[in-house]
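Visitor: Hi, I'm new to this one. Can you walk me through it?
Guide: Sure, have a look first and then ask away.
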Amino acid sequence: MNSSETQIPESRAARRRKNRILREQKRRRRLNYITGLVCALFIIVFTALSALTPDKTFSANENRNLSQRPAISVDGLMRGSFFSDTATHFSDQFASRDRWISLKLAYDKLIGMKESHDVYLGRDHYLLQKTVEPDTKALDDIANAVNSFASLHSGLSTRMLVVPCAAAVLPDKLPGSAPVRDQAADIDAFGQKLSGVTFTNASEALKSSNDSRNLFYRTDHHWTSYGARTVYEKCAPGLGIDAPVTEFDEYLLSETFLGTLGSQSGSFRRRDTIEIYVPKGCPNYYVYYADQGKTVSSLYVRDKLNEKDQYQVFLGGNHPIVEIHTAAGTGKSLLIFKDSYANSFIQYLVPHYDTIIMIDPRYYFNRLDNVIQANGITDVLFLYSANTLLADHSLSVCLNASA
Amino acid sequence: MVFNSIYFLFVFLPIALVLYYVIPARLKNLLLVIISFLFYAWGSPKSVIFLLFASLFNYASGIEIEHLKISRHTDAAMKVLIASASANIVLLASFKYIFDDMPVGMSFFTFTVLSYLFDVYGERTGAQRNPVNFILYVSFFPKLLSGPIVQYADMEAQLTNRKADPDKLMDGGVLFLVGLGKKVLLADALGAGFALLGQAENSILGAWLMMIFYSLQLYFDFSGYSDMAIGLSKMFGFEFEKNFDYPYMSLTVSEFWRRWHISLGNWFKQYVYFPMGGSRVSDVLILRNLLVVWLLTGIWHGNTFCFVVWGLYHGAFVILERFVIKGRFDGFPKALRRLATCLIAGIGWIFFFSPTIPSALRVILSMFGGAAFATRTAVYVLRSYFILLVLSLIGCTPFGSFLWNRLFAENNIGLNEHVLAFIAVALRLGLLILCTASLLGSTYTSFLYFKF
């Protein structure tokens, strides 16, 4: 620049070049200034909004308590928790937090990402859980525990039903090339280890359904009432049911269900419907929740539809032990070891047993002998989703504790 | 604290800037020291004590060395230099190799103070008498955690005499934003893809993708962080040299190292290579000098044997280029030479990310046919990350900045100035918004229902 400012008259070209460079510098500077001001404004506005709006205590979408302003303490300052808590508090209480999360997801989808927080973003708005890697050691433990339970209680008919997850049943809903295990094979491999147990793999029944679109919720990892019904109808013999009910009364309970996968992935928009199918001519029954000391006359807990996890409408979620006493008069009593998949399956079992005892080994820590004798149990059913069973540690503990 | 966090971006930095620009000039350095210590305390409060004592120790050493030099006790000055430099190095080494909880940024901190001691001893500069200025040199928060490793001689004048004007503030802000985008939108996303690849069995495609993903992730992570650091420094009036200069555009490995982590290369050149005679000695000694530098480079980067191998691996190529190849490939097409250099660097990174030598060799073996062609996971990652991969590859070249200059600085398509400004600013604000969404997205933790 200095060389062009000598006394010698500049050539026209040199002057033009100099002007152009000056103009570019000016433009660059102007752009930087406007950028700086706009960005500063953006930051100030959101910081102010975040600081001024009252703190929220709970995030329904994330199903957790949001962090609150930390109190200043010497201990907190020394250990550094005060600093990290302050930062977490700010990001938890950031203005329009949920919208920012949605924006991030929309951007990820735009550039082609096919999963979010370990959930596959499938076709037709399906959200799918990844298939679980079988835990070989744990599976051997479960098989041994179930086998010895069956031989110890050889007077009872012991059966097992394992249900694959949506990703294994609906491969065409998976995003392109998403890696997924052959869960039907995983389930069969587990079944091979059992003896003295009638084993049912629900994969075929679900895969051959005429209406595969309604087998699983789109935003939740559970099967629907329809999925459960399909397996009930097709697998009845394996479950020891000779004459399954074929006619049902259908009710729509909710159209606003946002399931666990919706929450986990951060996609809050799409909602599921929850339907139930009540078998025609269902006998009278009552349900006893031992943990709450409460007796009710319905399998469905309507209040739960006002909560975040509407799947809890089925038997109010998971309990250590639930008793169902019916007027079916079949002379059979069933003990079920189960995970939450069973909750929406029970509605089809009511007509077939006088008593149904549901035990969730993840929360039940008492002996089983008393339960079996006191209720005159004739049948035992292990009902699990593959994603729970293949990495489960609680069932073998529960069975062995009572052996 | 790190720059790529919501709290830093929306609270810490704005407050720091406002205070800095309203406070009288004579208090600015003190303020920056306080801000820097607070910034450091955010990650690990206890380390602040270490930072303070280490700073004061080196402050005193510097004055002592200068004093002895001036009074012509050169031998004694050398002894003090050796003693204090050793103290720093032993401390770093014991934290790095014996204890597992090294204070963050200690590798950078140590090289920063060593630069000071060497500069004072070598009389490149005088000792810093003002403790505040000295502590600011070692603890200045933009460069404290991950560099750039600024040599004292390059920063000395700016400690007392710098101008913090709005021009620099805005320039620095834009550079910071670009760095943030590199880190958050590219590096972090590529990191997620790399993690997915790591879960699958080895395959030819998977191994190649791992190398490419890691090469890109590391580059955008580190150069993004450096951009943020240099940008922030500029916002406070400091001007530092760039730390990365499109390294994946290099034609040779030697060139790669003049463009990758430039401040570290310069440090080794200034304080290790030149004092040993550099390249102005016999071939045998040059060979020794290069080996020493590359061995140290490897050791500095990490505490496993893989890093030593990685350092010597690069050293081997540099030596090969100097003594054997001697520009014999200069006639080859540039694209081919760039590709070869990237491949050499990429294979080097495999040693960088692998926990052990055998696992590194397994990945390399897989790349060249020692595994099935592809796993479903590898194909899935390639499909999911294709757009990001293309964007990242373009980001390794000067194309983006070339395009930006043509469009927005030169206005080559002759748009109306207002429209031009609107588009440019909207793009940059969009970048900030996406970074904000991504940073908040990474704090999204949905608790899986406990009762599944």
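Guide: One term before we start: two strands pair if DSSP finds at least two bridges between them. Also, this is a predicted model.

Visitor: Okay, so which strand pairs with β5(A), and over how many bridges?
Guide: That's β4 of chain A, residues 119-121, and the two pair in the antiparallel sense over 3 bridges. In β5(A), A:Leu128 is the bridge partner of A:Tyr120.

Visitor: What's the strand order in that sheet?
Guide: The order is β3-β4-β5 in chain A, an open sheet of 3 strands with antiparallel pairing.

Visitor: And which strands stand at the edges?
Guide: β3 (115-116) and β5 (127-129) of chain A do; each has a single partner strand, so one side of each is left without a neighbour in the sheet.

Visitor: Switching topic: how many residues does each chain bring to the contact?
Guide: Chain B brings 51 residues and chain A brings 54 residues.

Visitor: Which element of chain B gives the most to the side that touches chain A?
Guide: α20(B) does, with 12 residues. Other elements giving two or more residues to that side of chain B include α1 (6-22), α2 (25-43) and α9 (166-199).

Visitor: What kinds of residues are on that side of chain B?
Guide: They divide into 32 nonpolar, 12 polar and 7 charged.

Visitor: Last one: what domains does chain A have?
Guide: The domain assignment gives domain 1 (2-52) and domain 2 (124-402). The C-alpha centres of these two domains of chain A lie 66 Å apart.

Definitions and conventions. Residues numbered from 1 in each chain as written. Chains lettered and ligands numbered in written order. Predicted model: local features only at pLDDT ≥ 70, side-chain atom pairs only at ≥ 80, totals over all residues. Contact = placed C-beta atoms within 7 Å. Helix = DSSP H or I, 4+ residues; strand = E, 2+ residues; numbered from the N terminus. Nonpolar A, V, L, I, M, F, W, Y, C, P; charged D, E, K, R; others polar. Domains from an automatic or database assignment.
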